[in-house]
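Good morning, colleagues. Please look at the sequence and the model on the screen before we go through them together.

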Amino acid sequence: MRSITVTIAEGTFELFLENNASAQAFSELLPLELEMVDVNGNEKFYLLADHLPSQERCSCLIKAGDLLLCQTNELTFFYDDSKTCFKYTYLGHVKDSQNFRKAMTGKIVTVIFEEKQDSLDCFMKLLLIFAIMFEKRNDGWATYDKNETS
């Protein structure tokens, strides 16, 4: 299951995306910085400019940390459990619901969604930097030699 990073205030959370066309389309919008507004004392809401594919189903029990899509452009992030008969498309879920609830405090919160930097990605970038440095060194660029004396 693919994940992305969600930042709210000082908290950073891992959002596990669903394996569906809606979650894929949402991830293609990243990075996103959204001002999400409180609704019903249990969710934050944002009206997306883009319409995403939807696969709505009845969601009788919603868990804190669920990121859902209502219709095709109504993004809803639940920070408390909820019973409802509305239809939603599931986009993903934050597992650290206790700290997530605390981070979602307030009438309006800034929520940043972005691609997760995994350790392999960081390692590959570092490896590329070393390869470039090595190549330049072999092309006659000045290098530091600890055995040289001034």
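Is strand β8 largely enclosed by the rest of the structure or largely open? The answer is that β8 is largely enclosed, because four of its five residues are buried. I should say at once that this is a predicted model, and everything I report is computed from it.

Let me first set out the chain as a whole. It contains three helices and eleven strands. Read from the N terminus, the order of elements is β-β-α-β-β-β-β-β-β-β-β-α-β-α. The chain has 150 residues, of which 37% count as buried. As for contacts between residues at least 6 apart in sequence, 62% of them join residues at least 24 apart.

I return now to β8 and its pairing partners. Strand β4, residues 43-47, runs antiparallel to β8, and five bridges join the two. Within that pairing, F45 stands opposite T76 of β8. On β7, the residue L68 also has T76 in β8 as its bridge partner. The β7 and β8 strands pair in the antiparallel sense as well, through four bridges. T76 is therefore a convenient landmark on the screen, with F45 as a partner from β4 and L68 as a partner from β7. As general background, side chains in a regular strand alternate between the two faces of the sheet.

The connection between β7 and β8 deserves a closer look. These two strands form a hairpin with three residues between them. In the turn, Q71 has a positive phi of about 55°. N73 also belongs to the loop here, which lies between β7 (66-70) and β8 (74-78).

Is N73 buried or exposed? N73 is buried, because its relative accessible area is 12%, under the 20% limit. Leaving aside residues up to four places away in sequence, N73 touches Y46, L47, L48, D50 and H51. One of these, L48, is 25 residues from N73 in sequence, yet their C-alpha atoms are 5.0 Å apart in space.

Next, the largest pocket. Its space comes to about 160 Å³. It is lined by 14 residues, and those closest to its centre are N40, E43, F78, F86 and Y88. Which elements supply at least two residues of the lining each? They are β4, β8 and β9, the last spanning 82-83. β8 gives the most, with three residues. In terms of class, the lining has six nonpolar, five polar and three charged residues.

Finally, a word on the cysteines. How many disulfides does the count give? The count comes to zero, where the rule asks for a pair of cysteine sulfur atoms within 2.5 Å. Two cysteines may be set side by side for their surroundings. C58 is partly exposed, with a relative accessible area of 43%, whereas C70 counts as buried at 14% relative accessibility.

To close, I would point again to β8: four of its five residues are buried, it is joined to β4 by five bridges and to β7 by four, and it gives the most residues to the lining of the largest pocket. Thank you for your attention.

Methods
Residues are numbered from 1 along each chain as its sequence is written. This is a predicted model: local features need pLDDT of at least 70, side-chain atom pairs count only at pLDDT 80 or more; totals for chains, interfaces and linings use all residues. Side-chain values use heavy atoms; hydrogens and water are left out. Buried means under 20% relative accessible area, exposed over 50%, partly exposed in between (1.4 Å probe, protein chains only). Contact means heavy atoms within 4.5 Å. Two strands pair if DSSP finds at least two bridges between them. On a 1 Å grid over the protein atoms alone, a cavity is a set of points where a 1.4 Å probe fits but cannot get out, and a pocket is an open set with protein on both sides within 12 Å along at least five of seven lines; lining residues have an atom within 4 Å of a point. Grid points are joined across faces, edges and corners, and a volume is the space filled by probe spheres set on the points. Ala, Val, Leu, Ile, Met, Phe, Trp, Tyr, Cys and Pro count as nonpolar, Asp, Glu, Lys and Arg as charged, and the others, Gly among them, as polar.
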